[in-house]
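Me: I'd like to go through the labels people put on a model like this one and see what backs each of them. Can you take me through it?

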Amino acid sequence: IYWGGDAIPNYTPSFGPDQMAAWLGAELHFPEEDVGTNWVLPCIDDWETALPLTLDPNNYWWRRMLDFCAALAEALEGKAIVSHLDLHSNMDTLLAMRGGARLCMDLIDIPEIIDRAMADVRRLYAPIYDALYRAGHMGSTGTCGWVPAYHPVRTNTIQCDFAALIGPEHFRRWALPALEEEAAYLGHCVYHLDGPECLVHLKDLCTIPGLDCIQWTTGARNKPFIEWMDLLLEIQAKGTSLWVPCNTQEIKVYHRELKPNMVFYDCWASS
């Protein structure tokens with residue numbers, strides 16, 4: 001692979017999308033058939049006995065990930081960087097540990113308990129980030145998130161996929177403050193905006209200081225990325241840059257239609 005322009009060779013370690021929930025005690029499930037992903041089994045039946053949510057430093061999957069990052073840093077030295085992880089933090093951690101339907105009902109039935117649970121996972125973001133940062137020797141190389149935008153000090157991709165299931169009132173109470181904390185801690189970050197159901201939160205997202213760029217993901221069965229030009233222009237109009245995946249032909253269209261100083265191109269070509 002030839003890495004042209006500002007592209008930086010990188011590798012993102014991962015044990016699956018819900019690995020943070022696994023570090024907090026949920027069981028990782030690996031299906032026998034190859035479906036290209038895994039998940040955790042919901043493990044919280046009673047919040048009162050489950051709280052506080054803590055990170056056991058001897059958790060099997062946590063120790064495995066720290067060792068994995070350290071091994072990668074040694075193997076890739078001088079060749080590529082270890083990117084930071086797809087953490088699925090904040091409400092996505094609760095989603096994995098509780099299950100979607102039950103968590104949605106909890107927001108209505110026991111909101112004060114969710115306040116406590118969110119306080120726990122928000123406190124864990126910085127120490128988890130720092131431990132992985134040190135293990136992957138990112139301080140000496142700079143950092144990419146799993147959406148590979150590079151920063152010489154510290155960055156990552158932040159997200160809340162659970163936002164697709166909640167309205168603005170609940171988003172502003174629980175998700176937005178957590179995302180603001182993560183963005184402030186990182187200083188610079190990309191937001192993974194996944195699917196049309198999340199667009200109701202776009203205005204709130206674009207107010208987050210430190211959120212430089214939005215990676216719009218169209219979601220399954222929706223029209224292709226290049227046909228969302230009105231949305232892309234709307235995001236730029238709100239003062240937020242765009243992550244644009246494209247090939248060498250499509251990039252000409254984006255360059256003509258969008259503000260070029262507010263685009264991060266992820267462009268590829270095949271020989």
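Reply: Sure, starting with a term: a nonpolar core is a set of buried Ala, Val, Leu, Ile, Met, Phe, Trp, Tyr and Cys residues joined through side-chain atoms within 4.5 Å. Buried means under 20% relative accessible area, exposed over 50%, and partly exposed in between (1.4 Å probe, protein chains only). This is a predicted model, where local features need pLDDT of at least 70, side-chain atom pairs count only at pLDDT 80 or more, and totals for chains, interfaces and linings use all residues. Residues are numbered from 1 along each chain as its sequence is written, and side-chain values use heavy atoms, with hydrogens and water left out.

Me: Which members of the largest nonpolar core touch the most other members?

Reply: Trp23, Trp47, Met91, Leu94, Leu132, Ile158 and Tyr191, out of 79 residues. Helix α6 (residues 111–135) gives the largest share, 13 residues; helices here are DSSP runs of H or I with at least four residues, strands are runs of E with at least two, and both are numbered from the N terminus. There's also a second, separate core of five residues, with Ala149, Val190, Cys213 and Trp243 among them.

Me: What makes histidine 84 count as buried?

Reply: Its relative accessibility is 0%, and the cut-off is under 20%, so the label follows. Histidine 84 sits in the loop between β4 (81–82) and α4 (90–98). Beyond four places in sequence, its contacts (heavy atoms within 4.5 Å) include Thr12, Leu132, Met138, Trp146 and Asn156.

Me: Why is there a polar contact between histidine 84 and tyrosine 129?

Reply: A polar side-chain atom of histidine 84 lies 3.0 Å from the backbone oxygen of tyrosine 129. A polar contact is a pair of N or O atoms within 3.5 Å; within protein, one must be able to donate a hydrogen and the other to accept it, and residues adjacent in sequence count only if both atoms are side-chain atoms. The 3.0 Å distance is within that limit, so the pair qualifies.

Me: What makes β7 and β11 edge strands?

Reply: The open sheet has five strands in the order β7-β8-β9-β10-β11, with parallel pairing. β7 (156–159) and β11 (263–268) each have a single partner strand, so one side of each has no neighbour in the sheet.

Me: How do you know that β7 pairs with β8?

Reply: Two strands pair if DSSP finds at least two bridges between them. Four bridges join β7 to β8 (residues 189–194), so the rule is met. Asparagine 156 stands opposite cysteine 189 in β8.

Me: Why is the link between aspartate 106 and arginine 98 called a salt bridge?

Reply: The term needs a side-chain nitrogen of Lys or Arg within 4 Å of a carboxyl oxygen of Asp or Glu. Here N to O is 2.7 Å, so the pair passes. Both aspartate 106 and arginine 98 are buried, and tryptophan 47 touches each of them. By this rule the count comes to nine salt bridges.

Me: What do the salt bridges of arginine 173 and glutamate 181 tie together?

Reply: Arginine 173 meets aspartate 115 at 2.7 Å. Arginine 173 lies in helix α8 (residues 168–186) and aspartate 115 in helix α6, so this pair ties together parts 58 residues apart in sequence. Glutamate 181 meets arginine 122 at 2.6 Å. Glutamate 181 is in helix α8 and arginine 122 in helix α6, so that pair ties together parts 59 residues apart in sequence.

Me: Why are arginine 173 and aspartate 115 called partly exposed?

Reply: Arginine 173 has a relative accessible area of 39% and aspartate 115 has 32%. Neither value is under 20% or over 50%, so partly exposed is the label.
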